[in-house]
Amino acid sequence: MLTVSHLCKSFSGKAVLEDVSLTLSPQQTVCLMAPSGRGKTTLLRCIAGLEKPDGGAVMGVPERIGYVFQEDRLCDGFSAADNVRLVTGNALSDAEISRHLTELGLDGSMRQPVRELSGGMRRRAAICRAVCFGGGLLLLDEPFKGLDDVLRRQTADYILRHRGEAAILCVTHDRADAAALGADIITL
């Protein structure tokens with residue numbers, strides 16, 4: 001069980017997280033909602049160990065975390081399939097990676113460099129990479145930005161089908177994202 005206990009974080013003397021606590025059980029899906037600048041992304045970064053909190057604790061973080069950042073963070077010269085391969089190594093066959101990308105509607109473009117893909121296609125490639133990486137926790141930071149309602153639903157269904165035992169913690173401004181994931185909502 002992931003436990004965030006009384007977490008605090010400031011930047012340049014400005015508090016962005018103040019006494020934040022939450023627990024997340026395996027296979028639980030939670031969406032964090034708050035206005036911009038309230039620390040949602042910072043909380044994900046603290047959980048992932050990319051930011052050090054000023055106070056409080058994060059406990060029970062699984063060894064493997066799939067993470068969809070606000071930016072796609074793909075290797076532009078690599079194909080979508082190669083971007084997935086970067087994080088999976090030999091754990092998945094080429095056919096399995098192809099099946100994942102096809103489920104996300106990328107079958108016709110999975111071999112071209114991701115710099116040539118649309119923003120929504122790049123987003124789905126980043127989601128595929130995080131899901132295929134696996135682990136006990138999936139952190140999603142505005143995962144459906146750039147996707148229309150149909151693609152949001154299809155992509156959310158894909159995430160839920162392939163999450164395994166992972167808990168999902170999603171940051172979003174959109175209640176439709178939470179609904180698509182069937183998530184509990186926590187407001188910061």
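These legends walk through close-up views of a predicted model.

**View 1. The five-stranded sheet.** Here five strands line up as an open sheet with parallel pairing, and their order is 5-6-7-3-8. Strand 5 (65–68) and strand 8 (184–187) sit at the edges with a single partner strand each, so one side of each has no neighbour in the sheet. On average, neighbouring strands of this sheet are turned by 15° against each other, direction ignored.

**View 2. Strands 3 and 7 side by side.** Zoom in on strand 3 (residues 29–33) and strand 7 (residues 167–171), a parallel pair held over four bridges. Look for Cys 31: its bridge partner in strand 7 is Cys 170.

**View 3. Helices on the five-stranded sheet.** Helix 1 (residues 40–48) packs on this sheet and touches strand 3, strand 5, strand 6 (137–141) and strand 7. The direction of helix 1 makes about 155° with that of strand 6. Helix 4 (residues 119–133) packs on the sheet too, touching strand 5 and strand 6, and its direction makes about 170° with that of strand 5.

**View 4. The three-stranded sheet.** This open sheet has antiparallel pairing and runs in the order 2-1-4. Strand 2 (14–24) and strand 4 (55–59) are the edge strands, each pairing on one side only. From one strand to the next, the twist averages 20°.

**View 5. Strands 1 and 2, with helix 1 across.** Strand 1 (residues 2–11) and strand 2 run antiparallel and are joined by seven bridges. Thr 3 stands opposite Thr 23 in strand 2. Helix 1 turns up here as well, lying across strand 1, strand 2 and strand 4 at about 120° to strand 1.

Conventions
Residues numbered from 1 in each chain as written. Predicted model: local features only at pLDDT ≥ 70, side-chain atom pairs only at ≥ 80, totals over all residues. Heavy atoms only, no water. Pairing = 2+ DSSP bridges. Helix = DSSP H or I, 4+ residues; strand = E, 2+ residues; numbered from the N terminus. Axes fitted to C-alpha atoms, helices over the stretch in contact; angles between N-to-C directions. Contact = heavy atoms within 4.5 Å.
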